[in-house]
Amino acid sequence: MKKHNFYAGPSILSEYTIKNTADAVLNFADTGLSLLEISHRSKEFTAVIEEAKTLVKELLEVPAGYDVLFLGGGASMQFCMVPYNLLNRKAAYLETGTWAVNAIKEAKLFGEVDVVASSKEANFSYIPKGYTIPDDVDYFHFTSNNTIYGTEMRFDPDVNVPLVADMSSDIFSRPIDVSKYNVIYAGAQKNLAPAGVTIVIVKEDALGHVDRAIPTMLDYRTHIKKGSMFNTPPCLPIYSALQTLKYYKEMGGIKEMEKRDLEKAAILYDAIDSSKIFVGTAAHEDRSIMNVCFVMKEEYKDLESEFIEFASSQGMVGIKGHRSVGGFRASIYNAMPKSSVEALVATMKEFEKKH
């Protein structure tokens, strides 16, 4: 039976990425050595990291004055690296979910944090609007996609201060005006590669303006100067990331990926909205096209466990919702084929017929 992988992260990767990575594990770049044992300073691997950097800049149209880093520590490390490097006086944060909460907690260790708006009172089921960002903050931080709650900001906020964004779960799913940002960061395990590497796009002249000393490993300038090789980088995830970037280019680039993502999301949301037993949990105008969250309507709540079992029997993997929301979550990242979304919809409709 074909398996349809809806895990939220680590998550589905393209067959192109998986096959090429597997081949490199056996024989990397015709060296006769495994990717698992190659020196990160070999000319073969240096070429990998340079090509990956070039493709990120090409696909996202990164302007001059920015560098692309491949770091360890996950997006969670960026929760402290961002304020360590950028927060001198005060920063503004938008509270839209668990990861935003965690980012705010870390930032408060470094300076004043103005939480300009929050949707916590509604279990983060919508993106706040109509808030004001003070002109005297060093930056405005937001989480573009909320994997747990299924909300998303599919735009670059139009504000008078530099932006910083955690784009871990929707980077490469839409064009971005990078020039509005001082830092964009993303854990790789949603739309890029296996867990283990974090991509950071940083504006170089935004650095060096804080009063504090910064530990060497946590200073973006260290990694810019050393080309992401100050310490040994996570070679396998970076190689996989390169394969995914090549795949995106081959498929037609970011606008094409966005078109496909919108189409997949529409298929699934239409099925939820027309269902007599399922209902979405996120505000319609803020629905994520990466993580679709839904539950059973109140009168059918007792069927949730039964649906999970039925869906599993039909090859659906990883659709159980996060414990803080319950219900179901279908993560339909860039690598998810439309056929898998259609298979999930068919499973939902078949289950509904039975009840």
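**Surface, fold and domains of a predicted chain**

About 14900 Å² of the protein chain is exposed, with carbon and sulfur atoms supplying 51% of that area (Shrake-Rupley method, 1.4 Å probe). Please keep in mind that this is a predicted model, where local features need pLDDT of at least 70, side-chain atom pairs count only at pLDDT 80 or more, and totals for chains, interfaces and linings use all residues. Residues are numbered from 1 along each chain as its sequence is written, and side-chain values use heavy atoms, leaving out hydrogens and water.

**Overall shape**
- The radius of gyration of the protein chain is 21 Å, which agrees with the value near 20 Å for a compact globule of 355 residues (C-alpha atoms; the rule is 2.2 Å times the number of residues to the power 0.38).
- Along the principal axes, the C-alpha atoms fill a box of roughly 60 × 55 × 30 Å.

**Fold and packing**
- The protein chain has nine helices and 14 strands (DSSP runs: H or I of at least four residues for helices, E of at least two for strands).
- Of the 355 residues, 55% are buried (under 20% relative accessible area, 1.4 Å probe, protein chains only).
- Among contacts with a separation of 6 or more, 65% link residues 24 or more positions apart (contact means heavy atoms within 4.5 Å).

**Domains**
- Domain 1 covers 4-11 + 253-354 and domain 2 covers 15-251, with bounds from an automatic or database domain assignment.
- Their contact takes 30 residues from domain 1 and 29 residues from domain 2.
- The C-alpha centres of domain 1 and domain 2 are 27 Å apart.

Key
Buried means under 20% relative accessible area, exposed over 50%, partly exposed in between (1.4 Å probe, protein chains only).
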